[in-house]
Amino acid sequence: MDAKIYDVIIAGAGPGGSSLAAKLAEAGLHVLMLEKQSFPRDKVCGGGVTKRAFLKMPVDITQVIRDRVTSFVTVEGNHDFQVFRHKTPFVFMVLRTELDQLLAEHAADCGAELKEDSFVKKVVEHRDRVDVFTRNEHYSGRYLVGADGVNSLVAKQAGLMSERRKTLALEYEFRCDRTTAVNYKNRIVIDYTSVPGGYAWIFPKNGILSTGIGSYSLNQKQMDRYLHSFLDSRNLNGDLLSAKGAFLSVGGIRQPIMTQRTALIGDAAGLVDPFAGEGIYYALWSAELLAGHLIETFKEGNKEAFSAYQKDVDQTIMPELRALYQFSQEFYEDPKFMQKMVSRFPKLLNLVFDVLEGKRDYGKLYKRFKIVKSYGRFFNLKSQ
């Protein structure tokens, strides 16, 4: 048993957990990170870091960037439907094995204590502390943060996120030949039309392609079949490096994400884009918000600061996720119509680029989309 009482214990050393740990440690707090696996470890994730997420990173991640995306390509089967080009990179491609290890090491360099192979199996909250039990150890902290993903044990033990919504994703990563790597360099490829209730993707990573699908409608067996069909239509093959399937949280519905001494961030809190499945930005954003509240709690002695985290998330992050959820429901109802609408009104994609660069938010974009959608119906754009 460890006799220390940490200021904050963080379960999970992904981007959100490590970012939070770094900020708290830099402020002088005594922080413990518990990671259930050993680094390097992988996760189902396309590995796309939007520019606005890049700007929120607690450390420069340039050394692990494998590609800089300047083109967005929508496809239908084996042919390109439309290519949208941007002057500067709007997404940076990484391998999660490399990104997560870099961020965890940075947190440790800032003074946070990192313990790997520490699977949290039990949490007991008291009036003045939280006891955390791993397979072999017992730790105590003034506050506990669940940064442990969609299947968050911290959330379950704390009685939070009981109405969590999930969607399924399947990802293959494989090493491709030089010609294929050049063809996909700087390009994200998305097929919204061949996967019911979702999309298929191809992300470039300097000789490695991340390919996968996410869907609200398909089971795992069906997804494997659809993904193989998508790869065949694009004539893609290579040396398979990994094949992973996992659930992702679907954001957009307000739920309690904290108790008196426990709070959730990122995927554990359901803070994931329900349209694209992107979660890194929201993990970093929620970590940034919670860091401010915890630092105020300890440094200024404001006992009410921690409890204000829920309100902060509700007022800043949730409006954007609600707009994205409404948009996803409308988009996946008729994706071919949506693609034709964007083709007719390409300036919509310029607004999306602005969002990915952090120049505007999805809430304002959704309002513009509603107006353009009514024009699309007026011009009688057909989905077929």
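**A tour from helix α9 to strands β2 and β3**

Start by selecting helix α9: its buried residues are Met318, Glu320, Leu321, Ala323, Leu324, Phe327, Ser328, Glu330, Phe331 and Tyr332. Bear in mind throughout that this is a predicted model.

Keep α9 selected and show residues 318-333, the 16 residues that make up the helix. Put a distance between the C-alpha atoms at its two ends: they lie 23 Å apart. At 1.5 Å a residue the helix should span 22 Å, so the two values agree.

Next, select Leu34. This residue belongs to strand β2, which covers residues 31-34. Its relative accessibility is 2%, and because buried means under 20%, Leu34 counts as buried. To see what surrounds Leu34, leave out residues up to four places away in sequence and display its contacts: Ile9, Ile10, Ala11, Gly12, Lys115, Ser118, Val120, Val132, Thr134 and Tyr139.

With Leu34 still on screen, add His228. The two are separated by 194 residues in sequence, and their C-alpha atoms are 37 Å apart in space.

Now move to Gly48, in strand β3 (residues 48-50). Is Gly48 buried or exposed? At 16% relative accessibility, Gly48 counts as buried. Its contacts, again not counting residues up to four places away in sequence, are Val91, Phe92, Met93 and Ile280.

Finally, select Arg96 together with Gly48. Along the sequence 48 residues separate the pair, while C-alpha to C-alpha the distance is 9.4 Å.

Definitions and conventions:
Residues are numbered from 1 along each chain as its sequence is written. This is a predicted model: local features need pLDDT of at least 70, side-chain atom pairs count only at pLDDT 80 or more; totals for chains, interfaces and linings use all residues. Side-chain values use heavy atoms; hydrogens and water are left out. Helices (H or I, at least four residues) and strands (E, at least two) are DSSP runs, numbered from the N terminus. The expected span of a helix is 1.5 Å times one less than its number of residues. Buried means under 20% relative accessible area, exposed over 50%, partly exposed in between (1.4 Å probe, protein chains only). Contact means heavy atoms within 4.5 Å.
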